[in-house]
Amino acid sequence: MRIYPEQFADHLKTGLRPCYLVFGDEPLLKQEAIDSIRQHAHKLGFDERHSFVVEPGLDWNQVYDACQAMSLFSARQLIELELPPKVDKDLAARISEIGKQLHPDLLLVLSGGRLNQTQMKAAWFDKLYQLGTYVPVNHPEPRFFPRWMGARFQKFGLKALPDAINFMCHAYEGNLLAASQEIEKLTLLDPPQPISVPYLQETIIRHAHFTPFQLIDTLLEGKVNRAQRILQALRAEGTEPGMLAWTLTRELEQLTELSLAMRSGQPLGEHFSRLRIWQSRQQLIQQALTRLPFAKLQQLWQLMSQLDAALSHFETQRAWLLLQTLALGFRDGHPLPMAVERNPC
């Protein structure tokens with residue numbers, strides 16, 4: 001059973017499942033889901049909790065003993081296992097063994113990072129999925145982010161105007177924890193409600209957090225305005241332009257190769273496999289190729305050459321201007337300015 005974070009509180013009210021699979025890349029949502037399980041379990045008599053991080057050196061005998069032990073003071077055990085990014089055969093076998101020991105007085109919670117389709121098809125995951133509940137705790141997609149933000153205001157007893165919610169989404173895109181903390185702080189200020197954008201601008205600090213890979217996916221979607229915001233946030237956080245250039249170069253190499261294959265009438269399937277492009281990203285790349293003709297990719301390569309030259313001469317300001325220009329180039333097939341002025345300083 002799959003239950004999303006916004007539905008999880010109501011799901012727990014229906015009773016506890018034998019196990020919970022809490023996986024994703026959003027720390028706030030993950031911690032809130034695990035805390036909710038602990039609270040409900042405690043109410044139902046799961047008074048003894050054992051938490052383990054699966055890493056080299058873990059004594060698995062302690063894990064098995066915790067699963068099999070009956071406490072003198074509590075007959076119900078909560079076992080938590082935080083898994084590494086990769087579950088190898090040995091770990092999968094150990095998880096399956098623990099899964100066989102589940103009973104009404106033993107509750108299992110597994111947590112970890114975002115799972116891909118291959119991991120979700122693994123035998124250990126499928127078995128526990130059938131027995132329990134899978135809670136994907138990933139950052140909300142941009143189109144669902146305003147809904148999450150509005151619900152977060154309501155959770156703290158606050159009302160915000162639609163423009164204020166959109167403002168918060170722009171300010172805290174990629175950082176739910178900071179957004180939640182700022183909203184909680186607002187409750188201490190007794191703000192006028194509904195909360196407006198001018199009020200937020202005077203009282204909060206922007207804390208957006210992004211990765212270069214989020215920038216790439218945004219460019220492939222053609223959302224150049226959002227890409228410019230991500231670039232500004234990355235620059236403010238001290239990200240080196242050379243790292244972004246390296247990431248963009250790799251993506252352009254793949255796009256160029258796939259574009260050439262399309263021009264010659266070759267099916268893209270075997271190229272996706274050879275380039276190890278995940279299935280979840282294939283549609284995104286195909287959409288970008290439809291939007292970006294080969295001539296536009298050549299323009300982007302010319303700008304990339306200028307970017308490399310700027311980096312080799314330590315022209316940081318010009319490098320960032322070129323990155324902004326490159327980002328604009330992912331919008332459509334229209335030509336781009338092919339020269340960016342050097343910093344006079």
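**Helix α2: a pocket and a helix contact**

In this predicted model, the lining of the second largest pocket is made up of six nonpolar, five polar and four charged residues.

User: Hello! Which element gives the most to the lining of the second largest pocket?
Analyst: Happy to help. The elements that give two or more residues to this lining are β2 (48-53), β3 (77-82), β4 (106-112) and α2. With four residues, the one that gives the most is α2.

User: What is the volume of the second largest pocket?
Analyst: Let's start with its walls: 15 residues line the second largest pocket, and Ile 34, Arg 38, Glu 80, Glu 82 and Ser 111 lie nearest its centre. The volume of this pocket is about 190 Å³.

User: Is α2 parallel or oblique to α7?
Analyst: Helix α2 covers residues 27-43 and helix α7 covers residues 145-155, and their axes come within 14 Å. The axes cross at roughly 50 degrees. An angle under 35 degrees would count as roughly parallel, and 65 to 115 as roughly perpendicular. The crossing angle therefore makes α2, relative to α7, oblique.

User: How many charged residues are there in the contact of α2 with α7?
Analyst: In a left-handed crossing, α2 passes α7. On the α2 side the contact is made by Leu 28, Leu 29 and Glu 32, and on the α7 side by Trp 148, Arg 152 and Lys 155. These residues divide into three nonpolar and no polar, and the number of charged ones is three.

Conventions:
Residues are numbered from 1 along each chain as its sequence is written. This is a predicted model: local features need pLDDT of at least 70, side-chain atom pairs count only at pLDDT 80 or more; totals for chains, interfaces and linings use all residues. Side-chain values use heavy atoms; hydrogens and water are left out. Axes are lines fitted to C-alpha atoms, for helices over the stretch in contact, and angles run from 0 to 180 degrees between N-to-C directions. Angles under 35 degrees count as roughly parallel, over 145 as roughly antiparallel, 65 to 115 as roughly perpendicular and the rest as oblique. A crossing is left-handed if the near helix is turned anticlockwise from the far one by less than a right angle, and right-handed if clockwise. Contact means heavy atoms within 4.5 Å. Ala, Val, Leu, Ile, Met, Phe, Trp, Tyr, Cys and Pro count as nonpolar, Asp, Glu, Lys and Arg as charged, and the others, Gly among them, as polar. On a 1 Å grid over the protein atoms alone, a cavity is a set of points where a 1.4 Å probe fits but cannot get out, and a pocket is an open set with protein on both sides within 12 Å along at least five of seven lines; lining residues have an atom within 4 Å of a point. Grid points are joined across faces, edges and corners, and a volume is the space filled by probe spheres set on the points.
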